[in-house]
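Me: I should like to understand the terms applied to this structure, and the reasoning behind each of them. Please set each value against its definition.

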Amino acid sequence: MDWIIALDRSIIFSVQDMVVTPWLTPLMRFISFIGEYAGIWVLLGVLFCLKKEYRRVGVTVLLGVLFTLLVGNITLKHLVMRLRPCIDYAGVSVASVIPAANDYSFPSGHTFSSFAATTALILFRKNLWTLLALCVAVVMGFSRIYLFMHYPSDVIIGAILGVIFGIVSWKIVGKRM
């Protein structure tokens, strides 16, 4: 476990030292903002639900987001109770000007919901839009590291859980719709 913590620390500080720039920070903040409370994915899921031919994917996206809330935010965050890097290293000057979140770090909910929704979209249809969603999901995860809100392992596990629960959601919805 110590090697994971050391690797996390090394990567997150390398990102701060080598990637963070004044021109990129507003984009990272925007990407992170649209992922707050899985907002972009909830909106997308609701929009899909409005049209009958896309309802299955919309319900799958929303179920994936619900799993993010139940498994990630309500269960795992409170079991693991990992502090965010912006709290662990509160005295370190970093790119993030986002106030430190009051909840725990592991796993990244932004990444979890992004990959759950994207997995649902990919399972529905592979096209340019799903590639765009995948790019948003990846950048969403990276933005959380960039903004010093999550360690890399929080993001990696969030992505893995998102794919798993995106598939689970697809299988549950597929049997009922």
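Reply: Let us begin with helix packing: axes are lines fitted to C-alpha atoms, for helices over the stretch in contact, and angles run from 0 to 180 degrees between N-to-C directions. The model is a predicted one. In this model, H6 and H7 pack at an angle of about 170°, with 9 Å between their axes.

Me: What makes H6 roughly antiparallel to H7?

Reply: Angles over 145 degrees count as roughly antiparallel. The angle between H6 and H7 is about 170°, and H6 is therefore roughly antiparallel to H7. On the H6 side the contacts include His110, Ser114, Phe115 and Leu121, and on the H7 side Ala133, Leu134, Val138 and Arg144 are among them.

Me: Why is H1 called roughly perpendicular to H7?

Reply: Helix H1 (residues 2–18) and helix H7 (residues 128–146) pack at about 85°, with their axes 9 Å apart. The range for roughly perpendicular is 65 to 115 degrees, so H1 is roughly perpendicular to H7. Here Ile12, Val15 and Gln16 of H1 meet Phe142, Ile145 and Tyr146 of H7.

Me: How do you know that Asp8 and Arg82 form a salt bridge?

Reply: The criterion is a side-chain nitrogen of Lys or Arg within 4 Å of a carboxyl oxygen of Asp or Glu. For Asp8 and Arg82 the closest N and O atoms are 2.8 Å apart, and the pair is a salt bridge. Asp8 lies in helix H1 and Arg82 in the loop between H4 and helix H5 (85–88), so the pair ties together parts that are 74 residues apart in sequence. Across the whole structure, four salt bridges are found.

Me: What makes Asp8, Arg82 and Asp154 one network?

Reply: Arg82 also forms a salt bridge with Asp154, at 2.9 Å from N to O. Asp154 belongs to helix H8 (residues 152–174) and Arg82 to the loop between H4 and H5, so this pair ties together parts that are 72 residues apart in sequence. Salt bridges that share partners join Asp8, Arg82 and Asp154 into one network.

Me: Why are Asp8 and Arg82 called buried?

Reply: Buried means under 20% relative accessible area. Asp8 has a value of 3% and is therefore buried, and Arg82, at 17%, also counts as buried. Asp154 is buried as well.

Me: Why is Lys51 called partly exposed?

Reply: Exposed requires over 50% relative accessible area and buried under 20%, with partly exposed in between. Lys51 has 45% relative accessibility and therefore counts as partly exposed. The side chain of Lys51 meets that of Glu53 in a salt bridge, at 3.6 Å from N to O.

Me: Why is Lys77 said to have no salt bridge?

Reply: The nearest side chain of opposite charge, Asp103, is 4.2 Å away from Lys77. The limit for a salt bridge is 4 Å, so Lys77, although buried, has none. Lys77 lies in helix H4 (residues 55–80), and a polar atom of the Lys77 side chain lies 3.0 Å from the backbone oxygen of Pro107. Beyond four places in sequence, the residues touched by Lys77 include Arg84, Asp103, Tyr104, Phe106 and His150.

Me: What is notable about the peptide bond that joins Phe106 and Pro107?

Reply: That bond is cis, with omega at about -5°. Most peptide bonds are trans. Pro107 lies in the loop between H5 and H6.

Me: What makes Tyr37 and Ala38 alike in phi, and which of the two is buried?

Reply: Most residues other than glycine have a negative phi. Phi is near 55° for Tyr37 and near 55° for Ala38, a positive value in each case. Tyr37 and Ala38 lie in the loop between H2 and H3. With a relative accessible area of 77%, Tyr37 is exposed, whereas Ala38, at 7%, counts as buried.

Me: How do you know that Ser169 is buried?

Reply: The relative accessibility of Ser169 is 0%. The cut-off is under 20%, so Ser169 counts as buried. Ser169 is found in helix H8 and, leaving aside neighbours within four places in sequence, is in contact with Thr60, Leu63, Gly64 and Phe67.

Conventions. Residues numbered from 1 in each chain as written. Predicted model: local features only at pLDDT ≥ 70, side-chain atom pairs only at ≥ 80, totals over all residues. Heavy atoms only, no water. Helix = DSSP H or I, 4+ residues; strand = E, 2+ residues; numbered from the N terminus. Buried < 20%, exposed > 50% of the residue type's maximum accessible area, 1.4 Å probe, protein only. Lys, Arg positive; Asp, Glu negative; His and termini not counted. Polar contact = N/O pair within 3.5 Å; in protein donor to acceptor, adjacent residues only side chain to side chain. Contact = heavy atoms within 4.5 Å. Parallel < 35°, antiparallel > 145°, perpendicular 65-115°, else oblique.
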